[in-house]
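The exercises below ask you to read a protein chain step by step. Keep the sequence and the model side by side while you work through each solution.

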Amino acid sequence: MLRYFGGFKPIIIPIFAPMVKTLRNLLFVCLALFIVGQASGQEVQIELGPDQLGLNETFTIKATLSNDKIKSYDQFPEIPGFQKQGISQSSSMNIINGQMSSTNSIIQYYKPTRKGKFTLPPFDMEINGGSFSSPGKTITVDDPVSTQNSGGNVFDPFAEFFGRTAEEPEYIELEDDAFFAVSADKEEIYSGEGVTVNIAFYMSDQNQAPFTWYEPGKQLDAILKKIKPANAWEENFNITNIEPSVVEINGKKWNKYKIYEATFFPFSEGKIEIPRVPWEMIKYRVAKNPTFFGSNRQEDFKTFYSSAKTITVKPLPPHPLKNEVAVGVYQLRENISSLEVETGKGFNYNFGISGVGNINAIQEPRKLSQTNLNTFAPNVQQQINRGYGRVSGIKEFSYFITLNEAGEYSLKEYFNWIYFDPIRAVYDTLRPEGKVLVTGESKVNQALSGQRLGGIYDRIATENNQFLNERYKYYFSAAINLLLVGAVVLLAVLIIRKK
C-alpha cells in the first residue's frame with residue numbers, strides 16, 4: 001500500500017510484513033518436507049544369490065539404489081571358495097500414474113572354485129557415503145549342472161518397465177593386441193657402466209579390447225623387489241604419470257605406457273638376473289548385444305607376464321687405478337678467471353667433467369706433485385640429467401690457485417683425471433689445456449716467512465709422549481740406586497778410618 005506525504009517520495013508501509021513472514025515459514029517447511037521425502041526415497045537393497053548352485057554357475061551380490069545414481073561404493077566382500085569375476089551395472093526407470101521412479105544396480109559376480117559348503121559372513125557396504133548391512137548366508141556348491149537354453153540369452157531393456165523379469169546381458173571377451181615387458185638397453189656391460197631398465201605396458205593401434213589400470217603402484221612395488229640388483233647404484237627417472245608414447249617395433253606402431261625407468265650402475269662384475277614378473281590389468285568384457293539401457297561391459301581381469309632377462313657385468317681391464325676410476329663417456333670443460341696474474345695473487349680455476357655415466361661416482365682430479373703451485377680443497381658442484389634413456393650431467397671442481405714464481409705455467413702439469421671409456425674399452429685421461437702467465441717478483445721468501453718452519457714445538461701435538469722402551473727406565477733407576485749405595489759405603493769407610 002502506497003501513501004504520499006507532502007513532497008516526499010512514496011514509501012511502502014509494512015502492512016504486509018506478517019503475511020510475508022508466514023509465507024516464508026511455509027516455504028521453509030515445504031522445502032524441508034521435500035528434502036526428507038527425497039532422502040526417504042533413496043533406499044538400498046542388497047540381494048544375495050541362490051543358496052545352492054552348480055560348480056559351473058555364478059553367484060551374485062546385487063546392490064540396488066532407488067531414485068539416485070550410484071556415485072561411490074565400497075569393495076564387495078570376499079567369499080571363501082569363490083573367486084571374483086567382475087562387476088556390471090544396470091539401471092531402470094518406471095512411470096506409474098505420473099510418478100517417476102528409478103533404480104540403479106551394481107552386481108558383483110563370483111565363480112566357485114570347488115564343491116562344498118561355504119559361509120558368506122555378515123558384511124557392511126558403503127554406498128554413496130551411507131552404510132548398509134547384509135546378514136550373509138550359507139552357499140552350497142554341487143556338481144556342474146547342464147545349461148540348455150534354446151532361445152538364447154536375450155536382454156530386454158524395457159522388461160522392468162513393463163513388469164517383466166529382466167535377464168542379464170551376455171558378455172563376450174574381445175581379443176587383445178597388447179603385452180607387458182621389462183626391457184634393458186644392454187645385455188653386456190662393464191662394472192660401473194650404466195644399464196637402463198624399462199617397465200612398460202604396450203597396446204597396438206589396432207587393439208579393440210578395453211583396459212584399465214589395476215593398482216599400478218602396489219604392483220610396481222612388488223616387481224621392483226624382484227628385479228632391483230642389490231649391488232648397484234640406482235638413478236630413478238621418477239615417473240609420476242603414466243602417459244602413452246608411440247613407438248615402432250618390427251614395423252608396427254604401439255602405444256607404450258611407461259611405468260618405471262631407471263639406470264643401474266653395478267659396483268662389481270657378475271650377472272644381473274631379471275626374472276619373469278606378472279602385471280595385472282582390468283580388462284572389460286563387452287555385451288554381445290549392446291543396448292541403450294544398462295551396462296554394456298563387465299569388469300574382468302587379465303594377467304600379462306614379462307620375459308626373463310640376464311645382464312652380464314664384465315670386469316674392467318687391468319690397471320693400477322682399476323678400482324678407483326669412473327666409467328663412462330666424459331669430456332673436460334675448464335674455465336680460468338684470468339690468464340695473466342701477478343706473483344702471490346690468486347686466480348680461480350674450474351675443472352669440469354661432463355658426459356654420460358654415474359655423475360655421483362666422479363672423484364676429484366689428481367694433483368701432481370709441484371711445489372710452486374698452492375691450492376686448497378676444491379668446492380664441488382654437480383648437475384644430473386635423467387632422460388632419453390640415459391643419465392648425464394656435469395661435476396665441477398673449483399680451485400683457488402696462487403703461484404709465487406714468475407713464468408708460464410701449463411695446468412696439465414698439475415692436474416689430470418683418469419677414467420674408463422666403455423665404448424672404446426680403453427682407459428683415458430683428461431688433461432687441462434689452459435696456460436697461465438705469472439709476472440712480478442719472487443714471493444717465495446715471503447711465503448716461507450709467513451709459514452711455521454717446524455721444530456720441537458710444532459711436533460708436541462703429534463709426537464708420542466711415552467718412552468720407547470720401559471727397560472731404559474728400569475736400568476736408569478738401578479744405576480742411580482747403585483751410585484747412592486756406593487756413596488754411602490764410601491762415606492762410612494772414610495769415617496771409620498778417620499777415627
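Two strands pair if DSSP finds at least two bridges between them, and helices (H or I, at least four residues) and strands (E, at least two) are DSSP runs numbered from the N terminus. This is a predicted model, in which local features need pLDDT of at least 70 and side-chain atom pairs count only at pLDDT 80 or more, while totals for chains, interfaces and linings use all residues. Residues are numbered from 1 along each chain as its sequence is written, and side-chain values use heavy atoms, with hydrogens and water left out.

**Exercise 1. Describe the chain as a whole.**

Begin with the elements: the chain holds four helices and 34 strands. Next consider burial, where buried means under 20% relative accessible area, exposed over 50%, and partly exposed in between (1.4 Å probe, protein chains only); of the 499 residues, 33% count as buried. Then turn to the surface, for which accessible areas come from the Shrake-Rupley method with a 1.4 Å probe, and for residues only the protein chains shown count as cover. The chain exposes about 32,400 Å², and carbon and sulfur atoms supply 54% of this area. Finally look at contacts, meaning heavy atoms within 4.5 Å: among those between residues at least 6 apart in sequence, 70% join residues at least 24 apart.

**Exercise 2. Work out the surroundings of strand 15 and the directions of its side chains.**

Start with the partners. Strand 13 and strand 15 pair in the antiparallel sense over seven bridges, and Ala181 stands opposite Ala200 in strand 15. Strand 15 also pairs with strand 19, again antiparallel, over 10 bridges, with Val195 opposite Phe264 in strand 19.

Now follow the side chains. In a regular strand the side chains alternate between the two faces of the sheet. In strand 15, Val195, Val197, Ile199, Phe201 and Met203 point one way, whereas Thr196, Asn198, Ala200, Tyr202 and Ser204 point the other way, and all are buried. The strand is accordingly described as mostly covered, with 10 of its 10 residues buried.

**Exercise 3. Identify the residues and elements that build the largest nonpolar core.**

First fix the term: a nonpolar core is a set of buried Ala, Val, Leu, Ile, Met, Phe, Trp, Tyr and Cys residues joined through side-chain atoms within 4.5 Å. In soluble globular proteins, nonpolar side chains tend to be buried together. The largest core here has 29 residues, of which Phe180, Val182, Ile199, Phe201 and Ile227 touch the most other members. The elements that give two or more residues to this core include strand 13 (178-184), strand 15 (195-204), helix 2 (216-227) and strand 19 (252-266).

Next take Ile227 as a case: leaving aside its neighbours within four places in sequence, Ile227 is in contact with Val182, Val197, Ile199, Ile274, Pro275 and Val277. Apart from the largest core lies another, of 28 residues, among them Ala326, Leu403, Tyr409 and Leu411.

**Exercise 4. Lay out an open sheet of three strands and find its edges.**

Take the sheet with the order 14-23-20, which is open and has mixed pairing. Its edge strands are strand 14 (188-190) and strand 20 (270-274), each of which pairs on one side only. Within this sheet, strand 14 and strand 23 (residues 309-314) pair in the parallel sense over three bridges, and Glu188 stands opposite Thr312 in strand 23.

**Exercise 5. Locate asparagines with a positive phi, and decide whether Asn238 and Asn250 are buried or exposed.**

Begin with a hairpin. Five bridges join strand 9 (residues 123-127) to strand 10 (residues 130-134), and the two run antiparallel; two residues lie between these strands, and Asn128 takes a positive phi near 55°.

Continue with the loops. Asn238 lies in the loop between strand 17 (232-236) and strand 18 (244-249), and its phi is near 55°, a positive value in a residue other than glycine. Asn238 is exposed, because its relative accessible area is 54%. Asn250 is found in the loop between strand 18 and strand 19, and has a positive phi of about 55° although it is not a glycine. Asn250 also counts as exposed, because its relative accessibility is 79%.
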